[in-house]
Amino acid sequence: MADGCVVVGTGQAGFEVAASLREAGYEEPIALVGEEPHLPYQRPPLSKGFVLDTQGMDEVELRPDAFYRDHRIDLVPGERVTAIDRAARRVRLASGGELAFQSLVLAVGAHNRGLPVDGAELDGVVYLRTLDESIALKQRLAASAQVVVIGGGFIGLEVAASACVLGKAVTVLEAQPRLMPRVVAPRISEFYRELHAAKGVTIVCEAAVAEIEGYGGRVRAVRLSGGASYPADLVVVGIGVAPNVEVAQTAGLPVSNGIAVDEHLQTADPAIYAVGDCAEHPNAFAGRRVRLESVQNAADQARCVAASIAGRRAPYTALPWFWTDQFDVRLQMAGLSQGYDSIVTRGNPGTRKFSVFYFRGPQLVAVDSINRPADHIVARRLLSAHVGVTPEQAGDESVDLRKLR
Amino acid sequence: MPTVNYILPTGETRTVDVAPGTTLMTAAVKHGVEGIIGECGGVCMCATCHVYVNEEFLDKLPPIKDTEEAVLEVTNAERLPNSRLSCQIKMTAELDGLTVQIPTSQR
(Lines give C-alpha, C1' and ligand atoms only; values in the text may rest on other atoms or scores of the structure.)
Protein backbone atom coordinates (compact mmCIF):
# COMPACT_ATOMS: atom_id res chain seq x y z
CA MET A 1 0.00 0.00 0.00
CA ALA A 2 0.91 3.61 -0.48
CA ASP A 3 3.15 5.90 1.56
CA GLY A 4 2.01 8.81 3.67
CA CYS A 5 1.47 8.37 7.38
CA VAL A 6 0.97 5.10 9.20
CA VAL A 7 -0.44 5.42 12.72
CA VAL A 8 -0.14 2.36 14.95
CA GLY A 9 -2.73 2.24 17.71
CA THR A 10 -6.39 3.21 17.60
CA GLY A 11 -6.75 4.68 21.08
CA GLN A 12 -7.36 8.36 21.73
CA ALA A 13 -3.81 9.28 20.66
CA GLY A 14 -3.83 7.33 17.40
CA PHE A 15 -7.29 8.55 16.48
CA GLU A 16 -6.32 12.13 17.20
CA VAL A 17 -3.15 11.92 15.05
CA ALA A 18 -5.19 10.79 12.06
CA ALA A 19 -8.01 13.29 12.59
CA SER A 20 -5.62 16.17 13.24
CA LEU A 21 -3.55 15.40 10.16
CA ARG A 22 -6.63 15.89 8.01
CA GLU A 23 -7.65 18.96 9.99
CA ALA A 24 -4.17 20.35 9.31
CA GLY A 25 -4.62 19.85 5.59
CA TYR A 26 -2.41 16.78 5.17
CA GLU A 27 -3.30 15.20 1.82
CA GLU A 28 -1.22 12.03 1.79
CA PRO A 29 -2.70 8.60 2.60
CA ILE A 30 -3.28 7.83 6.28
CA ALA A 31 -3.53 4.30 7.68
CA LEU A 32 -4.75 3.86 11.25
CA VAL A 33 -3.91 0.34 12.40
CA GLY A 34 -4.96 -1.21 15.71
CA GLU A 35 -5.34 -4.57 17.35
CA GLU A 36 -8.82 -4.04 18.71
CA PRO A 37 -11.83 -4.99 16.60
CA HIS A 38 -13.80 -1.82 17.40
CA LEU A 39 -14.02 1.67 16.03
CA PRO A 40 -11.69 3.93 18.03
CA TYR A 41 -13.31 4.69 21.36
CA GLN A 42 -12.82 6.68 24.54
CA ARG A 43 -11.46 4.95 27.62
CA PRO A 44 -12.62 7.24 30.46
CA PRO A 45 -16.24 6.01 30.43
CA LEU A 46 -15.19 2.36 30.62
CA SER A 47 -14.87 2.47 34.41
CA LYS A 48 -17.81 4.83 34.92
CA GLY A 49 -20.71 5.67 32.63
CA PHE A 50 -20.31 2.65 30.37
CA VAL A 51 -20.38 0.06 33.17
CA LEU A 52 -23.23 1.96 34.80
CA ASP A 53 -25.14 1.95 31.49
CA THR A 54 -25.56 5.70 31.53
CA GLN A 55 -23.42 5.87 28.38
CA GLY A 56 -24.05 3.55 25.48
CA MET A 57 -21.68 2.17 22.88
CA ASP A 58 -22.41 4.97 20.41
CA GLU A 59 -21.40 7.55 23.02
CA VAL A 60 -18.15 5.73 23.70
CA GLU A 61 -17.05 5.56 20.07
CA LEU A 62 -14.99 8.62 19.18
CA ARG A 63 -16.50 8.95 15.70
CA PRO A 64 -18.91 6.91 13.59
CA ASP A 65 -17.68 4.69 10.77
CA ALA A 66 -18.47 7.32 8.13
CA PHE A 67 -15.96 9.73 9.64
CA TYR A 68 -13.03 7.59 8.54
CA ARG A 69 -14.32 7.23 5.00
CA ASP A 70 -15.17 10.92 4.73
CA HIS A 71 -11.68 11.89 5.90
CA ARG A 72 -9.87 9.25 3.81
CA ILE A 73 -8.47 7.58 6.90
CA ASP A 74 -7.83 3.92 6.15
CA LEU A 75 -8.91 2.35 9.43
CA VAL A 76 -7.48 -1.15 9.85
CA PRO A 77 -8.94 -2.72 13.01
CA GLY A 78 -8.05 -6.18 14.31
CA GLU A 79 -4.54 -5.91 12.92
CA ARG A 80 -1.19 -5.97 14.71
CA VAL A 81 2.07 -4.43 13.61
CA THR A 82 4.74 -7.05 14.25
CA ALA A 83 7.85 -5.27 13.03
CA ILE A 84 9.21 -2.00 11.68
CA ASP A 85 11.68 -2.16 8.80
CA ARG A 86 13.29 1.22 9.24
CA ALA A 87 15.59 0.99 6.25
CA ALA A 88 12.74 0.15 3.88
CA ARG A 89 10.26 2.44 5.67
CA ARG A 90 7.69 -0.30 6.03
CA VAL A 91 5.76 -1.92 8.88
CA ARG A 92 4.94 -5.59 8.81
CA LEU A 93 1.46 -6.77 9.75
CA ALA A 94 0.45 -9.91 11.64
CA SER A 95 -1.86 -10.82 8.77
CA GLY A 96 1.13 -10.95 6.45
CA GLY A 97 0.92 -7.65 4.60
CA GLU A 98 3.11 -4.59 4.78
CA LEU A 99 2.46 -0.87 4.86
CA ALA A 100 4.95 1.65 3.54
CA PHE A 101 5.31 4.98 5.30
CA GLN A 102 6.93 8.37 5.02
CA SER A 103 6.03 9.08 8.65
CA LEU A 104 5.22 6.51 11.30
CA VAL A 105 3.46 7.35 14.56
CA LEU A 106 3.55 4.84 17.39
CA ALA A 107 0.47 5.36 19.56
CA VAL A 108 0.70 1.83 20.87
CA GLY A 109 -0.40 2.51 24.44
CA ALA A 110 0.21 0.32 27.42
CA HIS A 111 -0.95 -2.93 28.93
CA ASN A 112 -2.12 -3.78 32.41
CA ARG A 113 0.41 -5.06 34.88
CA GLY A 114 -0.48 -8.55 35.99
CA LEU A 115 -0.86 -9.42 39.64
CA PRO A 116 2.15 -11.63 40.48
CA VAL A 117 0.49 -13.91 43.03
CA ASP A 118 -0.96 -17.41 43.11
CA GLY A 119 -4.57 -17.52 41.98
CA ALA A 120 -4.32 -14.56 39.61
CA GLU A 121 -5.42 -16.84 36.77
CA LEU A 122 -8.67 -17.89 38.49
CA ASP A 123 -12.01 -17.31 36.83
CA GLY A 124 -13.42 -14.08 38.27
CA VAL A 125 -10.13 -12.17 38.37
CA VAL A 126 -10.43 -9.40 35.78
CA TYR A 127 -8.63 -6.33 34.49
CA LEU A 128 -9.90 -3.20 32.83
CA ARG A 129 -8.38 -1.33 29.94
CA THR A 130 -10.27 -2.18 26.78
CA LEU A 131 -13.89 -1.90 25.69
CA ASP A 132 -14.19 -5.69 25.63
CA GLU A 133 -12.90 -5.84 29.20
CA SER A 134 -15.45 -3.21 30.21
CA ILE A 135 -18.26 -5.19 28.58
CA ALA A 136 -17.05 -8.29 30.44
CA LEU A 137 -16.80 -6.36 33.70
CA LYS A 138 -20.36 -5.12 33.30
CA GLN A 139 -21.59 -8.69 32.85
CA ARG A 140 -19.51 -9.95 35.78
CA LEU A 141 -20.77 -7.17 38.04
CA ALA A 142 -24.36 -8.10 37.28
CA ALA A 143 -23.67 -11.61 38.56
CA SER A 144 -21.57 -10.63 41.60
CA ALA A 145 -22.30 -9.56 45.14
CA GLN A 146 -18.87 -9.15 46.73
CA VAL A 147 -16.29 -7.24 44.76
CA VAL A 148 -12.67 -6.81 45.78
CA VAL A 149 -10.67 -4.19 43.92
CA ILE A 150 -6.91 -4.54 44.08
CA GLY A 151 -5.30 -1.13 43.66
CA GLY A 152 -6.48 2.20 45.04
CA GLY A 153 -5.51 4.38 42.09
CA PHE A 154 -7.84 6.13 39.64
CA ILE A 155 -9.06 3.01 37.86
CA GLY A 156 -9.49 0.97 41.02
CA LEU A 157 -11.39 3.70 42.81
CA GLU A 158 -13.58 4.50 39.82
CA VAL A 159 -14.49 0.83 39.48
CA ALA A 160 -15.11 0.63 43.22
CA ALA A 161 -17.45 3.62 43.07
CA SER A 162 -19.33 2.16 40.09
CA ALA A 163 -19.67 -1.24 41.78
CA CYS A 164 -20.89 0.46 44.95
CA VAL A 165 -23.50 2.44 42.99
CA LEU A 166 -24.64 -0.88 41.52
CA GLY A 167 -25.28 -2.12 45.05
CA LYS A 168 -22.28 -4.41 45.47
CA ALA A 169 -20.33 -4.92 48.68
CA VAL A 170 -16.96 -3.44 47.72
CA THR A 171 -13.51 -3.66 49.28
CA VAL A 172 -10.48 -1.77 47.94
CA LEU A 173 -7.03 -3.14 48.77
CA GLU A 174 -4.19 -0.64 48.34
CA ALA A 175 -0.57 -1.62 48.90
CA GLN A 176 0.57 1.87 49.93
CA PRO A 177 -0.43 3.63 53.17
CA ARG A 178 -2.94 5.85 51.34
CA LEU A 179 -5.09 6.09 48.20
CA MET A 180 -3.72 7.46 44.91
CA PRO A 181 -0.35 7.89 46.64
CA ARG A 182 1.70 8.71 43.56
CA VAL A 183 -0.47 11.53 42.33
CA VAL A 184 -2.18 13.44 45.13
CA ALA A 185 -1.35 14.95 48.52
CA PRO A 186 -2.28 13.05 51.70
CA ARG A 187 -5.10 15.54 52.30
CA ILE A 188 -6.81 14.43 49.11
CA SER A 189 -6.13 10.75 49.76
CA GLU A 190 -7.83 11.17 53.11
CA PHE A 191 -10.80 12.93 51.53
CA TYR A 192 -11.28 9.99 49.17
CA ARG A 193 -10.94 7.44 51.94
CA GLU A 194 -13.74 9.21 53.80
CA LEU A 195 -15.85 9.60 50.65
CA HIS A 196 -15.68 5.90 49.84
CA ALA A 197 -16.17 4.85 53.47
CA ALA A 198 -19.28 7.04 53.73
CA LYS A 199 -20.73 5.23 50.72
CA GLY A 200 -20.03 1.88 52.31
CA VAL A 201 -16.82 0.91 50.49
CA THR A 202 -14.27 -0.82 52.72
CA ILE A 203 -10.82 0.70 52.17
CA VAL A 204 -7.78 -1.26 53.33
CA CYS A 205 -4.38 0.40 52.91
CA GLU A 206 -0.96 -1.21 53.39
CA ALA A 207 -2.61 -4.34 52.05
CA ALA A 208 -0.06 -6.79 50.63
CA VAL A 209 -1.95 -9.36 48.58
CA ALA A 210 -0.46 -12.81 49.16
CA GLU A 211 -2.83 -15.01 47.23
CA ILE A 212 -6.15 -15.17 45.49
CA GLU A 213 -8.01 -18.16 46.80
CA GLY A 214 -10.32 -20.18 44.63
CA TYR A 215 -12.69 -23.07 44.71
CA GLY A 216 -13.37 -25.18 41.63
CA GLY A 217 -11.38 -22.78 39.51
CA ARG A 218 -13.46 -19.78 40.62
CA VAL A 219 -12.22 -16.93 42.80
CA ARG A 220 -13.44 -17.10 46.38
CA ALA A 221 -11.35 -14.66 48.42
CA VAL A 222 -8.29 -12.45 48.46
CA ARG A 223 -5.82 -13.22 51.24
CA LEU A 224 -3.31 -10.68 52.52
CA SER A 225 0.19 -11.52 53.76
CA GLY A 226 -0.92 -10.62 57.28
CA GLY A 227 -3.52 -13.39 57.08
CA ALA A 228 -6.67 -11.34 56.65
CA SER A 229 -8.98 -12.70 53.98
CA TYR A 230 -11.64 -10.83 51.99
CA PRO A 231 -14.37 -12.93 50.39
CA ALA A 232 -14.98 -12.12 46.74
CA ASP A 233 -16.90 -13.42 43.78
CA LEU A 234 -15.27 -10.81 41.57
CA VAL A 235 -11.74 -9.39 41.81
CA VAL A 236 -10.80 -6.38 39.71
CA VAL A 237 -7.07 -5.73 39.42
CA GLY A 238 -6.00 -2.13 38.78
CA ILE A 239 -2.34 -1.92 39.71
CA GLY A 240 -1.07 0.17 36.84
CA VAL A 241 0.18 -0.33 33.33
CA ALA A 242 3.42 -0.87 31.46
CA PRO A 243 4.11 0.76 28.11
CA ASN A 244 4.09 -1.29 24.90
CA VAL A 245 7.68 -0.90 23.78
CA GLU A 246 8.47 -4.22 22.11
CA VAL A 247 8.00 -3.28 18.46
CA ALA A 248 10.04 -0.09 18.92
CA GLN A 249 12.72 -1.89 20.85
CA THR A 250 13.03 -4.67 18.29
CA ALA A 251 13.43 -2.00 15.62
CA GLY A 252 16.43 -0.67 17.53
CA LEU A 253 14.76 2.45 18.86
CA PRO A 254 15.78 3.53 22.38
CA VAL A 255 13.25 2.67 25.09
CA SER A 256 13.25 3.09 28.84
CA ASN A 257 10.01 3.68 30.74
CA GLY A 258 8.34 3.96 27.35
CA ILE A 259 9.46 4.72 23.82
CA ALA A 260 12.02 7.49 24.16
CA VAL A 261 11.23 10.66 22.22
CA ASP A 262 12.62 14.20 22.15
CA GLU A 263 10.78 17.47 22.65
CA HIS A 264 9.29 17.08 19.16
CA LEU A 265 8.05 13.61 20.13
CA GLN A 266 10.44 12.08 17.60
CA THR A 267 12.25 8.87 18.34
CA ALA A 268 15.90 8.38 17.46
CA ASP A 269 14.62 7.86 13.90
CA PRO A 270 13.24 11.23 12.74
CA ALA A 271 10.59 9.55 10.58
CA ILE A 272 9.15 7.76 13.63
CA TYR A 273 7.22 9.47 16.39
CA ALA A 274 5.65 8.17 19.60
CA VAL A 275 2.66 9.72 21.41
CA GLY A 276 0.36 9.06 24.33
CA ASP A 277 0.69 6.41 27.03
CA CYS A 278 3.71 4.76 25.37
CA ALA A 279 5.85 7.90 24.95
CA GLU A 280 8.56 8.81 27.42
CA HIS A 281 9.11 12.47 26.69
CA PRO A 282 10.88 15.49 28.18
CA ASN A 283 8.20 17.47 29.98
CA ALA A 284 8.89 21.04 31.03
CA PHE A 285 6.26 20.88 33.76
CA ALA A 286 7.91 17.84 35.29
CA GLY A 287 11.42 19.15 34.76
CA ARG A 288 12.43 15.71 33.58
CA ARG A 289 11.47 12.87 31.24
CA VAL A 290 8.08 11.33 32.03
CA ARG A 291 5.43 9.07 30.62
CA LEU A 292 1.86 10.23 31.22
CA GLU A 293 -1.41 8.37 30.91
CA SER A 294 -4.26 10.73 30.16
CA VAL A 295 -6.67 11.97 27.54
CA GLN A 296 -4.98 15.37 27.58
CA ASN A 297 -1.53 13.92 27.00
CA ALA A 298 -2.76 11.65 24.23
CA ALA A 299 -4.71 14.33 22.40
CA ASP A 300 -2.21 17.18 22.76
CA GLN A 301 0.78 15.05 21.79
CA ALA A 302 -1.15 13.71 18.83
CA ARG A 303 -1.92 17.21 17.60
CA CYS A 304 1.69 18.26 18.07
CA VAL A 305 2.92 15.39 15.92
CA ALA A 306 0.20 15.87 13.32
CA ALA A 307 1.25 19.51 12.99
CA SER A 308 4.89 18.46 12.56
CA ILE A 309 4.07 15.94 9.88
CA ALA A 310 1.84 18.48 8.12
CA GLY A 311 4.75 20.92 8.06
CA ARG A 312 4.27 23.05 11.17
CA ARG A 313 6.92 21.69 13.46
CA ALA A 314 6.89 22.85 17.10
CA PRO A 315 8.02 21.33 20.37
CA TYR A 316 5.51 19.73 22.73
CA THR A 317 4.79 22.15 25.59
CA ALA A 318 1.22 21.46 26.75
CA LEU A 319 0.28 21.54 30.40
CA PRO A 320 -0.68 18.12 31.79
CA TRP A 321 -4.17 17.84 33.24
CA PHE A 322 -6.31 14.96 34.44
CA TRP A 323 -9.65 14.22 35.99
CA THR A 324 -11.41 11.44 37.87
CA ASP A 325 -15.11 11.12 38.67
CA GLN A 326 -16.06 8.99 41.65
CA PHE A 327 -19.61 9.03 43.00
CA ASP A 328 -20.72 12.66 42.71
CA VAL A 329 -17.24 14.06 43.27
CA ARG A 330 -14.94 15.32 40.55
CA LEU A 331 -11.22 15.70 41.09
CA GLN A 332 -9.48 17.82 38.46
CA MET A 333 -5.71 18.04 38.40
CA ALA A 334 -3.62 20.68 36.62
CA GLY A 335 0.15 20.38 36.42
CA LEU A 336 2.34 17.69 37.96
CA SER A 337 2.66 17.73 41.73
CA GLN A 338 5.54 15.26 42.09
CA GLY A 339 8.40 16.83 44.00
CA TYR A 340 6.30 19.45 45.78
CA ASP A 341 7.50 20.60 49.19
CA SER A 342 4.52 22.55 50.49
CA ILE A 343 0.79 22.77 49.93
CA VAL A 344 -1.89 25.37 50.52
CA THR A 345 -5.60 24.60 50.68
CA ARG A 346 -8.16 26.96 49.17
CA GLY A 347 -11.72 26.51 50.40
CA ASN A 348 -13.01 24.28 53.13
CA PRO A 349 -12.65 20.49 52.75
CA GLY A 350 -15.67 20.13 55.05
CA THR A 351 -17.85 21.55 52.28
CA ARG A 352 -16.51 18.93 49.81
CA LYS A 353 -15.35 21.83 47.62
CA PHE A 354 -11.68 22.72 47.92
CA SER A 355 -8.44 22.92 46.01
CA VAL A 356 -4.91 22.00 46.98
CA PHE A 357 -2.13 24.16 45.54
CA TYR A 358 1.27 22.45 45.35
CA PHE A 359 4.47 24.49 45.55
CA ARG A 360 8.07 23.57 44.93
CA GLY A 361 9.99 26.33 46.68
CA PRO A 362 8.18 29.53 45.70
CA GLN A 363 6.87 28.07 42.46
CA LEU A 364 3.32 26.78 41.94
CA VAL A 365 3.61 23.39 40.20
CA ALA A 366 0.13 21.88 40.38
CA VAL A 367 -3.43 22.38 41.58
CA ASP A 368 -5.87 19.62 42.49
CA SER A 369 -9.49 20.75 42.69
CA ILE A 370 -12.35 18.86 44.25
CA ASN A 371 -15.72 20.07 43.02
CA ARG A 372 -14.15 23.46 42.27
CA PRO A 373 -14.08 23.56 38.46
CA ALA A 374 -13.36 27.28 38.32
CA ASP A 375 -10.16 26.78 40.32
CA HIS A 376 -9.09 24.07 37.91
CA ILE A 377 -9.68 26.16 34.81
CA VAL A 378 -7.86 29.18 36.22
CA ALA A 379 -5.04 26.91 37.40
CA ARG A 380 -4.61 25.60 33.87
CA ARG A 381 -4.15 29.14 32.63
CA LEU A 382 -1.84 30.22 35.45
CA LEU A 383 0.39 27.15 35.11
CA SER A 384 0.46 27.21 31.30
CA ALA A 385 1.43 30.87 31.24
CA HIS A 386 3.86 30.48 34.17
CA VAL A 387 2.09 33.20 36.12
CA GLY A 388 3.53 33.59 39.61
CA VAL A 389 1.13 32.75 42.44
CA THR A 390 2.16 33.08 46.08
CA PRO A 391 1.01 30.65 48.76
CA GLU A 392 -0.76 33.59 50.41
CA GLN A 393 -2.75 34.36 47.25
CA ALA A 394 -3.56 30.69 46.75
CA GLY A 395 -4.99 30.32 50.23
CA ASP A 396 -6.91 33.60 50.31
CA GLU A 397 -10.35 33.26 48.76
CA SER A 398 -10.73 37.03 48.62
CA VAL A 399 -7.99 37.05 45.96
CA ASP A 400 -9.52 36.56 42.51
CA LEU A 401 -7.02 34.24 40.86
CA ARG A 402 -8.51 34.99 37.45
CA LYS A 403 -7.13 38.52 37.70
CA LEU A 404 -3.51 37.42 38.20
CA ARG A 405 -1.30 38.05 35.18
CA MET B 1 -37.86 13.50 15.78
CA PRO B 2 -36.85 17.02 16.86
CA THR B 3 -34.22 18.71 14.72
CA VAL B 4 -31.29 21.00 15.37
CA ASN B 5 -29.76 23.38 12.84
CA TYR B 6 -26.01 23.66 13.11
CA ILE B 7 -24.61 26.69 11.29
CA LEU B 8 -21.05 25.82 10.32
CA PRO B 9 -18.21 28.37 10.35
CA THR B 10 -18.50 28.36 6.54
CA GLY B 11 -22.08 29.63 6.83
CA GLU B 12 -23.58 26.37 5.60
CA THR B 13 -26.43 24.94 7.69
CA ARG B 14 -26.63 21.26 8.66
CA THR B 15 -30.00 20.09 9.95
CA VAL B 16 -29.81 16.97 12.09
CA ASP B 17 -32.48 14.80 13.75
CA VAL B 18 -31.60 14.53 17.42
CA ALA B 19 -33.28 12.00 19.68
CA PRO B 20 -34.56 13.44 22.98
CA GLY B 21 -31.95 12.85 25.69
CA THR B 22 -29.02 13.02 23.27
CA THR B 23 -26.70 15.98 23.72
CA LEU B 24 -26.09 18.45 20.93
CA MET B 25 -22.38 17.56 21.04
CA THR B 26 -22.97 13.83 20.63
CA ALA B 27 -25.46 14.37 17.82
CA ALA B 28 -23.05 16.66 15.98
CA VAL B 29 -20.16 14.22 16.29
CA LYS B 30 -22.31 11.27 15.20
CA HIS B 31 -23.51 13.11 12.13
CA GLY B 32 -20.09 14.41 11.15
CA VAL B 33 -20.93 18.06 11.78
CA GLU B 34 -17.51 19.68 11.40
CA GLY B 35 -16.34 22.09 14.06
CA ILE B 36 -17.70 20.35 17.15
CA ILE B 37 -15.01 18.15 18.62
CA GLY B 38 -15.95 16.96 22.12
CA GLU B 39 -12.44 15.87 22.98
CA CYS B 40 -13.18 15.01 26.63
CA GLY B 41 -16.25 12.99 25.70
CA GLY B 42 -18.77 15.46 27.05
CA VAL B 43 -17.71 15.87 30.67
CA CYS B 44 -16.97 19.61 30.75
CA MET B 45 -13.20 19.38 30.73
CA CYS B 46 -12.08 20.65 27.34
CA ALA B 47 -14.13 23.51 25.80
CA THR B 48 -14.13 22.01 22.29
CA CYS B 49 -17.90 21.83 21.77
CA HIS B 50 -18.61 25.55 22.18
CA VAL B 51 -21.66 26.90 20.33
CA TYR B 52 -23.61 30.15 20.13
CA VAL B 53 -27.29 29.50 20.73
CA ASN B 54 -30.04 31.29 18.83
CA GLU B 55 -31.41 33.90 21.26
CA GLU B 56 -35.03 32.77 21.10
CA PHE B 57 -34.12 29.40 22.59
CA LEU B 58 -31.82 30.64 25.34
CA ASP B 59 -34.39 30.52 28.13
CA LYS B 60 -35.53 27.03 27.14
CA LEU B 61 -32.07 25.61 27.86
CA PRO B 62 -31.02 24.01 31.13
CA PRO B 63 -29.24 26.51 33.39
CA ILE B 64 -25.44 26.78 33.26
CA LYS B 65 -23.86 24.73 36.06
CA ASP B 66 -20.56 25.53 37.80
CA THR B 67 -18.60 23.07 35.68
CA GLU B 68 -19.86 24.54 32.42
CA GLU B 69 -19.45 28.11 33.65
CA ALA B 70 -15.78 27.46 34.42
CA VAL B 71 -15.05 25.94 31.02
CA LEU B 72 -16.91 28.73 29.18
CA GLU B 73 -14.23 31.04 30.58
CA VAL B 74 -11.61 29.40 28.41
CA THR B 75 -13.29 28.84 25.06
CA ASN B 76 -10.97 29.46 22.12
CA ALA B 77 -13.48 31.69 20.32
CA GLU B 78 -14.85 34.66 22.23
CA ARG B 79 -17.44 33.89 24.89
CA LEU B 80 -20.67 35.74 24.21
CA PRO B 81 -23.88 35.98 26.26
CA ASN B 82 -25.33 33.13 24.17
CA SER B 83 -22.30 30.84 24.51
CA ARG B 84 -22.94 27.28 25.71
CA LEU B 85 -21.18 23.95 25.67
CA SER B 86 -23.16 21.67 23.39
CA CYS B 87 -22.32 18.65 25.58
CA GLN B 88 -24.45 20.18 28.32
CA ILE B 89 -27.59 20.60 26.22
CA LYS B 90 -29.75 17.50 26.00
CA MET B 91 -32.37 17.45 23.30
CA THR B 92 -36.02 17.86 24.29
CA ALA B 93 -39.20 18.22 22.27
CA GLU B 94 -39.29 21.85 23.32
CA LEU B 95 -35.95 22.48 21.63
CA ASP B 96 -37.22 21.31 18.22
CA GLY B 97 -35.89 23.69 15.58
CA LEU B 98 -33.05 24.98 17.75
CA THR B 99 -30.33 26.76 15.82
CA VAL B 100 -26.74 26.95 17.03
CA GLN B 101 -23.77 28.66 15.41
CA ILE B 102 -20.42 26.86 15.55
CA PRO B 103 -17.47 29.19 16.22
CA THR B 104 -14.54 29.34 13.81
CA SER B 105 -12.17 27.63 16.23
CA GLN B 106 -12.47 25.28 19.21
CA ARG B 107 -8.85 24.90 20.31
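Strand E1 (residues 3-7) of chain B pairs with strand E5 (residues 98-101) of chain B in the parallel sense, over four bridges. Two strands count as paired if DSSP finds at least two bridges between them. Strands are DSSP runs (E, at least two residues), helices are DSSP runs too (H or I, at least four residues), and both are numbered from the N terminus.

This is a predicted model: local features need pLDDT of at least 70, side-chain atom pairs count only at pLDDT 80 or more, and totals for chains, interfaces and linings use all residues. Residues are numbered from 1 along each chain as its sequence is written, while chains are lettered from A and ligands numbered from 1 in the order in which they are written.

**Strands of chain B**

- In the pairing of E1(B) with E5(B), Val4(B) stands opposite Leu98(B).
- E5(B) also pairs with strand E3 (residues 50-53) of chain B, in the antiparallel sense, over two bridges.
- In that pairing, Val53(B) stands opposite Val100(B), and the bridge partner of Tyr52(B) is Gln101(B).
- E3(B) pairs with strand E4 (residues 83-85) of chain B as well, antiparallel and over three bridges.
- Here His50(B) stands opposite Leu85(B).
- In a regular strand the side chains alternate between the two faces of the sheet.
- E5(B) shows such an alternation: Leu98(B) and Val100(B) point to one face and are buried, while Thr99(B) and Gln101(B) point to the other and are not.
- A residue is buried if 20 or more other C-beta atoms lie within 10 Å of its own, exposed if 12 or fewer, and partly exposed in between, with C-beta atoms placed from the backbone.

**Thr3 of chain B**

- Thr3(B) belongs to strand E1 of chain B.
- Thr3(B) is partly exposed, because 15 other C-beta atoms lie within 10 Å.
- Beyond its neighbours within four places in sequence, Thr3(B) is in contact with Thr15(B), Val16(B), Asp17(B), Val18(B), Asp96(B) and Gly97(B).
- Contact requires that the C-beta atoms of two residues, placed from the backbone, lie within 7 Å.
- Arg14(B) is 11 residues away from Thr3(B) along the chain, and their C-alpha atoms are separated by 10 Å.

**Two sheets of chain A**

- Five strands of chain A form an open sheet with parallel pairing, in the order E9-E16-E10-E11-E12.
- Strand E9 (125-127) and strand E12 (202-204) of chain A each have a single partner strand, so one side of each is left without a neighbour in the sheet.
- Neighbouring strands of this sheet are turned by 20 degrees against each other on average, direction ignored.
- Axes are lines fitted to C-alpha atoms, for helices over the stretch in contact, and angles run from 0 to 180 degrees between N-to-C directions.
- Within this sheet, strand E10 (residues 146-150) and strand E16 (residues 234-237) of chain A pair over four bridges, and Ile150(A) stands opposite Val237(A).
- Helix H5 (residues 154-165) of chain A lies across E10, E11 (169-173) and E16 of chain A, at about 170 degrees to E11(A).
- Another open sheet of chain A has three strands, with antiparallel pairing and the order E13-E14-E15.
- Its edge strands are E13 (209-215) and E15 (229-231) of chain A, each paired on one side only.
- Three bridges join strand E14 (residues 218-224) of chain A to E15(A), where Ala221(A) stands opposite Pro231(A).

**Domains and core of chain A**

- The domain assignment gives chain A domain 1 (5-111 + 242-309), domain 2 (125-237) and domain 3 (328-403).
- These bounds come from an automatic or database domain assignment.
- The C-alpha centres of domain 1 and domain 3 of chain A lie 32 Å apart.
- The largest nonpolar core has 154 residues, and Val7(A), Val17(A), Val105(A), Leu106(A), Val235(A) and Val275(A) touch the most other members.
- Helix H8 (residues 295-309) of chain A gives the most to this core, with eight residues.
- A nonpolar core is a set of buried Ala, Val, Leu, Ile, Met, Phe, Trp, Tyr and Cys residues joined through C-beta atoms within 7 Å.
- Not counting residues up to four places away in sequence, Val7(A) touches several residues, including Gly14(A), Ile30(A) and Leu32(A).

**Where the chains meet**

- 18 residues of chain A are in contact with 14 residues of chain B.
- Helix H9 (373-384) of chain A gives the most to the side of chain A that touches chain B, with five residues.
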